[in-house]
2 protein chains.
Amino acid sequence: MTAVFSISDLAREYGTTPRTLRFWESEGLIAPAREGQRRLYSQRDRTRVKLILRGQRLGFSLAEIAEIIGLYDVAAGETAQLELLLAKIEERRKELLAKRADIEASLSDLDGVAATCHARLDEIGQKGRSDA
Amino acid sequence: MTAVFSISDLAREYGTTPRTLRFWESEGLIAPAREGQRRLYSQRDRTRVKLILRGQRLGFSLAEIAEIIGLYDVAAGETAQLELLLAKIEERRKELLAKRADIEASLSDLDGVAATCHARLDEIGQKGRSDA
DNA sequence: GAAAAACTTGACGTTTACGTAAACGTAATC
DNA sequence: GATTACGTTTACGTAAACGTCAAGTTTTTC
């Protein structure tokens with residue numbers, strides 16, 4: 001249990017590079033333990049890396065991702081902090097819902113174009129019934 | 001009908017800048033008509049601008065957006081073209097579905113954190129019933 | 001018809017998110 | 001114990017997507 005990973009272990013596992021992991025660290029997104037100079041990545045670090053990658057796939061900047069990840073951590077604050085945290089969460093929720101709406105719209109558009117294609121193919125299929 | 005718009009009209013309408021619209025044109029994403037030197041934007045151009053903005057919100061690069069927009073145009077090709085187009089559409093569909101899955105996961109995570117916050121607030125609320 | 005406003009094309013600057021190379025220390029391997 | 005493999009920091013390079021002048025034309029407005 002509580003295994004640790006080298007920087008290239010992590011890089012390989014998540015299809016990224018050591019350079020990238022160091023950069024994320026320099027930007028404060030992760031903070032692996034050290035054994036002398038060497039970085040040691042824990043399960044917690046792996047979780048954060050996964051969150052970073054997901055954030056990137058959703059088009060968030062590293063700065064935004066940093067804030068988002070922060071949300072997960074803070075969850076030990078007190079009242080005022082918690083209220084503020086909930087507000088931030090609500091913001092992010094709205095962003096995500098908006099993106100999801102964009103995606104639905106895109107999917108529906110693509111379906112439309114695909115339908116047009118199929119119709120056209122059927123149309124062509126009716127006559128040209130000689131070639132493979 | 002068939003109104004036309006100046007570059008700053010469009011920029012204002014979509015919350016962008018003339019510079020950006022010119023840049024997108026230089027990258028082949030839009031191709032407004034010209035009256036002498038001046039650019040004249042049509043309804044079709046507006047539609048494309050909307051697609052570009054949506055693509056950006058979803059985290060696609062301009063190059064990707066160019067290809068996506070291309071999908072909408074090509075819909076007048078012939079069989080081979082159409083098959084290829086359908087394949088590309090399917091690719092995009094998968095990307096979008098993946099992003100949607102990422103979003104669902106993010107939303108669910110945020111819900112989790114929010115729940116923790118509410119629980120903690122309730123907990124605190126039980127005792128500290130003296131301060132505003 | 002002169003000034004102001006809006007448009008044009010360069011061209012260089014800027015931010016983000018790394019890539020790449022240099023120069024070095026350490027650890028495993030044959 | 002020399003080589004190879006992996007790690008470190010520092011530093012400069014780069015692609016994408018514009019921002020920001022500059023210098024000039026055209027168009028509108030008073």
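## Around DNA strand D

In this predicted model, DNA strand D is surrounded by 17 residues, and the closest are A:Ser6, A:Ser8, A:Arg39, B:Ser61 and B:Leu62. Two or more residues come from each of these elements: α1 (7–13), α2 and β2 (38–40) of chain A, along with α2 and α4 (62–74) of chain B.

Which element gives the largest share of the surface near DNA strand D? That is α2(B), with three residues. Sorted by class, the surface near DNA strand D holds eight polar, five nonpolar and four charged residues.

## Around DNA strand C

Let's turn to the other strand. DNA strand C has 15 residues around it, with A:Ser61, A:Leu62, B:Ser6, B:Ser8 and B:Arg39 as the closest. Chain A supplies two or more residues from each of α2 (18–26) and α4 (62–74), while chain B does so from α1 (7–14), α2 (18–26) and β2 (38–40).

Here α2(A) gives the most, with three residues. The class breakdown for the surface near DNA strand C is six polar, five nonpolar and four charged residues.

## How α4 and α5 pack in chain A

Helix α4(A), which contributes to the surface near DNA strand C, also packs against helix α5 (residues 79–126) of chain A. Their axes lie 10 Å apart, at an angle of about 140 degrees, so α4(A) and α5(A) are oblique to each other. Their crossing is left-handed.

On the α4(A) side, the contact is made by A:Ile68, A:Leu71 and A:Val74; on the α5(A) side, by A:Gln81, A:Leu85, A:Lys88, A:Ile89 and A:Arg92. By class, this contact has five nonpolar residues, two charged and one polar.

Notes
Residues numbered from 1 in each chain as written. Chains lettered and ligands numbered in written order. Predicted model: local features only at pLDDT ≥ 70, side-chain atom pairs only at ≥ 80, totals over all residues. Near = placed C-beta within 6 Å. Helix = DSSP H or I, 4+ residues; strand = E, 2+ residues; numbered from the N terminus. Nonpolar A, V, L, I, M, F, W, Y, C, P; charged D, E, K, R; others polar. Axes fitted to C-alpha atoms, helices over the stretch in contact; angles between N-to-C directions. Parallel < 35°, antiparallel > 145°, perpendicular 65-115°, else oblique. Left-handed = near helix turned anticlockwise from the far one by under 90°. Contact = placed C-beta atoms within 7 Å.
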